[in-house]
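Please take the model below and follow it from its overall build down to a few individual residues. Keeping the sequence at hand will help with the residue numbers.

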Amino acid sequence: MGNIFSQFFFVPTAPLTEKNCPDQRGRVFLVTGGYAGVGFELCKILYAHNATVWIAGRSEPKAQKALDNIKAACPKSEGRLNFLYLDLSDLATVKPAVQSFVAQEQRLDVLVNNAGVMYPPKGSTDAQGNDLQIGTNCLGPYLLYQLLLPLLAKTAAAAPTASVRVAWAASIAVQVAAPQPHGMLVVGEGDDVGRPQDRGVADNYGQSKVGNVFFAREFAKATTAHTGVVHAAFNPGNLRTELQRHWTGLDHWITDKILFPPVYGAYTELFAAVSPELTPDKSGAYIYPWGRLGSLPAGIENSLKTGSEGGSGVAAKFLSWCAKQTEEFA
């Protein structure tokens, strides 16, 4: 309970902000959903510090407005801003987006999987028929990462140690909205092995965020030693963003009273993207608001262990399911 409380209230001052962010000249960032909310604020900070920033999303008009606003706010920047069309709720758009990106860039220093959907209308699905939250928050980012890994690894081979990173958006939901009592992802068996079970809109959101924690930890095992790519999952914090667009009634009224401006979430993401505290031995870390290393619920830790390690092996089953669901689009 203390870990939950410390992510809601009396959060320490952000160690990295727009005031002390290091210069990012020559570095390339890809931020999904970067034209609104937290992603927009992160892109603005990075661009102000001379980074090349790609905003990936499905709405070019929204992206163009964001690009214009960021450029107007940062007239002295020597960075670059670009839009990349990508719809994470449709796996068929991911490979063309990656092909377009790699045709224009020779490196990728940081991938920030910022975009997501929360609490859509019951029964919402992605283009492939999966639960919309699992599809948009997990399957799309999974495929995006797999297709970008060769470029990330190439960049890491010539970049400073632990500077090439992938950040995965989790949430306080991994502790308060995932299926309880231990906050985990519940998967099917047999013919449905690894597929997240439908637990209703709220629990499905929590499960999708647990899925992102699994990605950070499992890919850290697989890639850090071999490619130099460092991973982290993060709870951006309790923020007032477009994610609440589907909320109504009492939920909306109560949560609006404890939410922070989106820029605070950008500070959390900035920590995941550039903080020197994220060394290779900390790859797979979980980051609390507004940029500090934290812990995970026991149920998630158990899911990350294999049966031989005394765990349930759920994480490995989930990643295997993600691989099968995305293989035809790779």
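What follows moves from the whole chain to its aromatic rings and then to some residues in loops.

The model is a predicted one, and every value given here should be read with that in mind. The chain holds 11 helices and eight strands. Its radius of gyration is 18 Å, close to the 20 Å that the globule rule gives for 330 residues, so the chain is as compact as a globular protein of that length. Taken along the principal axes, the box filled by the C-alpha atoms is roughly 55 × 45 × 35 Å.

Several totals for the chain add to this outline. Of the 330 residues, 58% are buried, a residue being counted as buried when its relative accessible area is under 20%. When one considers the contacts between residues at least 6 apart in sequence, 75% of them join residues at least 24 apart. The accessible surface comes to about 13700 Å², and carbon and sulfur atoms account for 54% of that surface. As for charge, the chain has 28 positive and 28 negative charges, and the mean positions of these two sets are 5 Å apart.

The aromatic rings offer a way into the interior. The count of aromatic pairs comes to 17. One of them is formed by Y119 and Y205, an edge-to-face pair with 5.5 Å from centre to centre and 85° between the planes. This pair links distant parts of the chain, since Y119 belongs to the loop between strand 4 (110–113) and helix 5 (132–158), whereas Y205 belongs to helix 7 (residues 201–227), 86 residues apart. The two partners fall into separate accessibility classes: Y119 has 23% relative accessibility and therefore counts as partly exposed, while Y205, at 5%, counts as buried.

A pair with another geometry is made by F215 and F219, whose rings are stacked, with 5.8 Å from centre to centre and 20° between the planes. These two residues are separated by about one helical turn, because they are four residues apart in helix 7. F215 counts as buried because its relative accessibility is 0%, and F219, at 7%, counts as buried too. Both phenylalanines also belong to a cluster in which ring pairs link Y142, Y145, W168, F214, F215, F219, F318 and W321.

Within that cluster, Y145 deserves a closer look. Y145 is found in helix 5, and with a relative accessibility of 1% it counts as buried. Although Y145 and F219 are 74 residues apart in sequence, their C-alpha atoms are 9.9 Å apart in space. Leaving aside neighbours within four places in sequence, Y145 is in contact with L111, L152, V166, W168, F219, T223 and H231; W168 and F219 are among the members of the ring cluster.

Another cluster member, W321, leads to a residue outside the set of rings, because W321 is among the contacts of N130, with heavy atoms within 4.5 Å counting as contact. N130 lies in the loop between strand 4 and helix 5. Is this loop residue buried or exposed? At 5% relative accessibility, N130 counts as buried. Apart from neighbours within four places in sequence, its contacts are S124, T125, L139, R195, W321 and Q325.

Some backbone details complete the tour. Y119, already met as a ring partner of Y205, has a phi near 50°, a positive value in a residue other than glycine. A162 likewise is not a glycine, yet its phi is positive at about 65°. A162 lies in the loop between helix 5 and strand 5 (165–169), and with a relative accessible area of 8% it is buried. Where, finally, does the peptide bond from P289 to W290 stand, cis or trans? That peptide bond is cis, with omega near -15°, and W290 lies in the loop between strand 7 (285–288) and strand 8 (292–294).

Technical notes:
Residues are numbered from 1 along each chain as its sequence is written. This is a predicted model: local features need pLDDT of at least 70, side-chain atom pairs count only at pLDDT 80 or more; totals for chains, interfaces and linings use all residues. Side-chain values use heavy atoms; hydrogens and water are left out. The radius of gyration is taken over C-alpha atoms; the globule rule is 2.2 Å times the number of residues to the power 0.38. Buried means under 20% relative accessible area, exposed over 50%, partly exposed in between (1.4 Å probe, protein chains only). Accessible areas come from the Shrake-Rupley method with a 1.4 Å probe; for residues, only the protein chains shown count as cover. Lys and Arg count as positive and Asp and Glu as negative; His and the chain ends are not counted. The place of a charge is taken as NZ of Lys, CZ of Arg, CG of Asp or CD of Glu. Rings of Phe, Tyr and Trp (its six-membered ring) pair if their centres lie within 6.5 Å; planes under 30 degrees apart count as stacked, over 60 as edge-to-face and the rest as tilted.
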